[in-house]
Amino acid sequence: MQKTHPTTSGIVDIVLRYSDAFNKGNVYIVMAAITDDCIVDKPVPPPERARFQDQDAVRPLRNDFFWSSPSIEFDTEDMFASDDRCLV
């Protein structure tokens, strides 16, 4: 029988909380779900890329996103987690 590493189940819980907060469109809940040293890479619009590093930089990015897309919702189709990594 395969056992799940304790860190893996914790990571999955964090990702699910973040996804739920994101779908609620509440920037305060989203920001509470991520660490102070968060990094968001925004690959669009091409060919420009932007990197937002730490809560002070990411918060306005999320505010703008929720304001411009108030009814957007993401569905998790698949999730793979191992140790402290998770891919959604």
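Author: Buried means under 20% relative accessible area, exposed over 50% and partly exposed in between, with a 1.4 Å probe and protein chains only. This is a predicted model, in which local features need pLDDT of at least 70, side-chain atom pairs count only at pLDDT 80 or more, and totals for chains, interfaces and linings use all residues. Residues are numbered from 1 along each chain as its sequence is written, and side-chain values use heavy atoms, without hydrogens and water.

Reader: Why does Phe-22 count as buried?

Author: Phe-22 has 10% relative accessibility, and the limit is under 20%, so Phe-22 is buried.

Reader: What makes Tyr-18 partly exposed?

Author: The relative accessible area of Tyr-18 is 23%, which lies in between 20% and 50%.

Reader: Why is the pair of Phe-65 and Phe-66 called edge-to-face?

Author: Rings of Phe, Tyr and Trp (its six-membered ring) pair if their centres lie within 6.5 Å; planes under 30 degrees apart count as stacked, over 60 as edge-to-face and the rest as tilted. The centres of Phe-65 and Phe-66 are 5.8 Å apart with planes at 65°, so the pair is edge-to-face.

Reader: What makes the pair of Tyr-18 and Phe-22 tilted?

Author: Their planes are at 40°, with 5.8 Å centre to centre; that angle is neither under 30 nor over 60 degrees, so the pair falls to the rest.

Reader: How do you know which residues Leu-61 touches?

Author: Contact means heavy atoms within 4.5 Å. Not counting residues up to four places away in sequence, Leu-61 touches Val-40, Lys-42 and Phe-52.
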